[in-house]
Amino acid sequence: MMASAVNFSGIVRRCFKLQSSCSLARNPSFQQQLYHRNNLPRLTTTIRNRFVHSNAVEQNTTQVPSPLEHDDYFGIKTLPTIVDLYKARVHFGHAQGNRNEHMKPYLFGCRMGIDIIDLDQSLVHMQLALNFLAHMAYRRAVILFVLQSSEHGHQVETAARDCGEYSHTRDWHSGLFTNAKFGEASSNRYPDVCVFLSTMSGSYQEHPAVAECAKVGIATIGVVDSNVNPSIVTYPIPGNDDSTASITHYLELFSRAISAGKMRREIDDLMAKQKKLQESSQENRTEGSSMK
């Protein structure tokens with residue numbers, strides 16, 4: 001199987017088109033860093049090299065390696081950085097008087113009565129969450145972005161739509177997941193992952209969807225501020241859930257992780273298709289030689 005048989009440039013260009021349509025990518029500095037045309041050959045080369053490596057593994061083994069066997073199958077560990085988290089003001093928590101005791105391990109300290117979140121821990125948890133999100137997008141999971149905010153609701157809806165997923169930014173109707181009538185309807189499907197940009201629906205109230213997801217077994221990724229209980233969130237990410245800069249940065253990272261998972265799935269599908277064609281051609285040759 002030859003690597004040149006796969007149109008890598010076309011795959012990368014489709015991914016660039018998917019992300020460039022996102023309103024988050026209209027920021028000039030963000031476009032310059034991520035979407036500059038000079039990055040296309042480099043990214044195409046990286047994908048081709050990974051494709052060739054995967055082919056070599058497939059030829060030496062009888063079973064195609066699973067994405068779960070790789071530590072960073074989608075190459076997204078380098079997406080979040082301490083510097084970017086700091087510039088996005090992810091380290092700012094709430095007032096010390098509003099601190100949740102379960103968030104103490106994630107705090108760096110307190111300055112002028114404001115809790116400071118440890119960005120080293122935020123980075124590790126963000127990497128874990130992005131890796132999980134990319135794997136779920138690779139598996140064609142239904143991903144739901146959740147944020148009850150009139151200020152950032154439209155931004156979340158736009159980001160979710162541009163990466164081909166869903167969002168809920170309005171008031172949450174109690175029992176939407178736990179209502180038996182809703183669950184029994186064959187036409188309805190629960191999301192596989194819920195991404196909470198904030199696990200709070202108000203200043204002092206936890207978003208009711210967090211508990212409902214835990215009850216019905218839906219995996220959750222949630223940004224948890226210093227006043228939040230992170231106990232029932234599957235993948236908690238310690239960070240600021242209030243500022244526009246932090247919400248924008250979270251959406252950029254989540255969108256890129258989802259796109260990475262979908263792009264890798266498209267590559268692997270092409271690999272599997274070409275492998276089947278190669279096997280069928282070899283079988284035809286074997287049958288033809290036996291008939292002779």
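## A walk through the buried pairs and exposed turns

Start by selecting Glu165 and Lys262: both residues are buried. This is a predicted model, so treat the tour as a walk through a prediction. Show the two side chains and you'll find a salt bridge, with the closest N and O atoms 3.0 Å apart. Glu165 sits in the loop between α6 and β5 while Lys262 belongs to helix α9, so the pair ties together parts that are 97 residues apart in sequence.

Stay on helix α9 and move to Arg265, which is also in that helix. Which side chain of opposite charge is nearest to Arg265? That would be Asp269, at 4.6 Å; Arg265 is buried yet has no salt bridge. The cut-off for a salt bridge is 4 Å between nitrogen and carboxyl oxygen, so 4.6 Å does not qualify. Now show what surrounds Arg265: leaving aside neighbours within four places in sequence, its contacts are Ala137, Tyr138 and Arg140.

Two of those contacts are worth a click of their own. Tyr138 joins Tyr73 and Phe74 in one aromatic cluster. Arg140 is in the loop between α5 (119-138) and β4, and its phi is positive, about 60°, although it is not a glycine. Arg140 is exposed, with a relative accessible area of 53%.

Next, the aromatic pairs. The model has 7 of them. Select Phe145 and Phe254 for a tilted one, 6.4 Å centre to centre with 55° between the planes. Phe145 is in strand β4 (residues 143-146) and Phe254 in helix α9 (residues 244-291), so here the pair ties together parts 109 residues apart in sequence. Buried or exposed? Phe145 counts as buried at 1% relative accessibility, and Phe254 is buried with a relative accessible area of 1%.

For another geometry, go to Phe177 and Tyr190, an edge-to-face pair at 5.7 Å centre to centre and 90° between the planes. Phe177 is in the loop between β5 (166-168) and α7 (180-184), and Tyr190 in the loop between α7 and β6 (193-196), so this pair ties together parts 13 residues apart in sequence. Colour by accessibility here: Phe177 is buried at 4%, whereas Tyr190 is partly exposed at 28%.

Now select helix α6, residues 153-162. How many of its 10 residues are buried? The count is 7, which leaves the helix mostly covered. Among the buried ones are Gly153, Val156, Ala159 and Asp162. Just after the helix comes Gly164, with a positive phi near 80°.

One side chain of α6 reaches a partner outside the helix. Glu157 forms a salt bridge with Arg170, and the closest N and O atoms are 2.5 Å apart. Arg170 lies in the loop between β5 and α7 and Glu157 in helix α6, so the pair ties together parts that are 13 residues apart in sequence. Arg170 counts as exposed, at 52% relative accessibility.

The model has 8 salt bridges, and one more to look at is Glu101 with Lys104, whose closest N and O atoms are 3.0 Å apart. Glu101 counts as exposed at 51% relative accessibility, and Lys104 is partly exposed at 44%.

From there, bring up the cartoon and find the open sheet of 3 strands, in the order β1-β3-β2 with antiparallel pairing. The edges are β1 (92-95) and β2 (107-111), each with a single partner strand, so one side of each has no neighbour in the sheet. From one strand to the next, the twist averages 30°. Zoom in on β2 and β3 (residues 114-117), which run antiparallel and are joined by 4 bridges. Across that pairing, Arg111 stands opposite Ile114 in β3.

The loop between β2 and β3 holds Met112. Check its backbone: Met112 has a positive phi of about 55° although it is not a glycine. Met112 is exposed, with a relative accessible area of 79%.

Last stop: Gly239, in the loop between β8 (235-238) and α9. Gly239 is buried, with a relative accessible area of 0%. What is Gly239 in contact with, leaving aside its neighbours within four places in sequence? The contacts are Val90, Ile117, Val223, Val224, Asp225 and Tyr250. Draw a C-alpha to C-alpha distance to Asp118 as well: Gly239 and Asp118 are 8.5 Å apart in space and 121 residues apart in sequence.

Conventions. Residues numbered from 1 in each chain as written. Predicted model: local features only at pLDDT ≥ 70, side-chain atom pairs only at ≥ 80, totals over all residues. Heavy atoms only, no water. Phe/Tyr/Trp six-rings, centres within 6.5 Å; stacked < 30°, edge-to-face > 60°. Helix = DSSP H or I, 4+ residues; strand = E, 2+ residues; numbered from the N terminus. Buried < 20%, exposed > 50% of the residue type's maximum accessible area, 1.4 Å probe, protein only. Contact = heavy atoms within 4.5 Å. Pairing = 2+ DSSP bridges. Axes fitted to C-alpha atoms, helices over the stretch in contact; angles between N-to-C directions. Lys, Arg positive; Asp, Glu negative; His and termini not counted.
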